[in-house]
Amino acid sequence: MTQLVTHAPPSFAPNGWPALVLNADFRPLSYYPLSLWPWQEVVKSVFLERVDVVAEYDEYVHSPSITMRLPSVIALREFVKQDRQPAFTRFNVFLRDGFKCVYCGSHEDLTFDHLVPRSKGGRTSWDNIVAACSPCNLRKGGRMAHEINMHPSHRPHRPTTFQLQEQGRKFPPNHLHDTWLDYLYWDVELEM
Ligand SMILES: [Zn+2]
């Protein structure tokens, strides 16, 4: 067995050269967080034949016996089923609510609101927490929304992983390598 000793390319940055990881159906394994593996893990997986290289960077890694271009997009050979429940996190609540206030639609100054206030026994759970901007949150205070004529745009619920992934597609992360775009936004391009 060849032992692979990899050396970082000269321009290697601490978090540099990750590859976008696609499931065996060529959809990203995850949108949020975007499924990225560090290049070391990617190279190892290529040698273990767990993934296929779909696209490459112009950078190379060298071992004593081989030189290879760093993959920028890889696809798992075995399909990974995605049936986990999404985690109840601040980020996922924002993502579910489209990063906007459920009362006024503002994207600014987002916080969280308990639909049924904690003082009235409201729980911190998927079906009682919504994204709300600070002004709306202040206005609502410890009251029920309907008491002061405020109306949430939807009834909150626990989203499925699929629903969150679909939301994630609308909110691309900031740093995308060119070769990743084909696997992220093809359908979006069609709609434009
Ligand atoms: Zn608001």
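Two residues are in contact if their C-beta atoms, placed from the backbone, lie within 7 Å. The structure is a predicted model, in which local features need pLDDT of at least 70 and side-chain atom pairs count only at pLDDT 80 or more, while totals for chains, interfaces and linings use all residues. Residues are numbered from 1 along each chain as its sequence is written.

**Figure 1. Overview of the elements in the protein.** The protein contains six helices and six strands; helices (H or I, at least four residues) and strands (E, at least two) are DSSP runs, numbered from the N terminus. Read from the N terminus, the elements follow the order β-β-α-β-β-α-β-β-α-α-α-α. Of the 192 residues, 20% count as buried. A residue is termed buried if 20 or more other C-beta atoms lie within 10 Å of its own, exposed if 12 or fewer, and partly exposed in between, with C-beta atoms placed from the backbone. Among contacts between residues at least 6 apart in sequence, 61% join residues at least 24 apart.

**Figure 2. The open sheet of four strands.** The strands of this sheet have the order 2-1-4-3, with mixed pairing. Strand 2 and strand 3 occupy the edges, each with a single partner strand, so one side of each has no neighbour in the sheet. Strands are taken as paired if DSSP finds at least two bridges between them. Strand 1 and strand 2 run antiparallel and are joined by two bridges, with Ala-19 opposite Trp-37 in strand 2. Strand 1 and strand 4, by contrast, pair in the parallel sense over three bridges. Within strand 4, Ile-74 is the bridge partner of Val-21, and Ala-75 is that of Leu-22.

**Figure 3. The hairpin of strand 3 and strand 4.** Four residues lie between the two strands of this hairpin. Their pairing is antiparallel and extends over eight bridges. Val-51 stands opposite Leu-76 in strand 4.

**Figure 4. Helix 1 against the sheet strands.** In helix 1 (residues 39-47), the buried residues are Trp-39, Val-42, Val-43 and Ser-45. Viewed down the axis of helix 1, these buried residues fall within an arc of 165°, so they line one face of the helix; the arc is that of the directions from the helix axis to the C-beta atoms. An α-helix has 3.6 residues a turn, so residues three or four places apart point the same way. The buried residues of helix 1 pack against strand 1 (19-22), strand 2 (36-37), strand 3 (51-62) and strand 4 (67-76). Helix 1 lies across these four strands and runs at about 85° to strand 4. For such angles, axes are lines fitted to C-alpha atoms, for helices over the stretch in contact, and values run from 0 to 180 degrees between N-to-C directions. Glu-49, whose phi is positive, near 60°, follows helix 1.

**Figure 5. Strand 1 and the nonpolar cores.** A nonpolar core is a set of buried Ala, Val, Leu, Ile, Met, Phe, Trp, Tyr and Cys residues joined through C-beta atoms within 7 Å. The largest such core has 17 residues, of which Ala-19, Leu-20, Val-21, Leu-22, Trp-39, Val-73 and Ile-74 touch the most other members. At least two residues of this core come from each of strand 1, helix 1, strand 3, strand 4 and helix 5 (178-184). A second, separate core of nine residues includes Val-130, Ala-131, Cys-133 and Cys-136. From strand 1, Ala-19 and Val-21 point one way and Leu-20 and Leu-22 the other way, and all are buried. Apart from neighbours within four places in sequence, Leu-22 is in contact with Arg-27, Pro-28, Leu-29, Val-54, Val-73, Ile-74, Ala-75, Leu-76 and Tyr-183.

**Figure 6. Glu-56 and Tyr-57 in strand 3.** Glu-56 belongs to strand 3, as does Tyr-57. Glu-56 counts as partly exposed because it has 16 C-beta neighbours inside 10 Å. Tyr-57 is also partly exposed, with 19 other C-beta atoms within 10 Å. Neighbours within four places in sequence aside, Glu-56 is in contact with Arg-69, Leu-70, Pro-71 and Ser-72. Not counting residues up to four places away, Tyr-57 touches Trp-17, Arg-69, Leu-70 and Ser-72. A distance of 8.8 Å separates the C-alpha atoms of Glu-56 and Ile-74, which are 18 residues apart along the chain. For Tyr-57 and Thr-179, 122 residues apart along the chain, the C-alpha separation is 8.4 Å.
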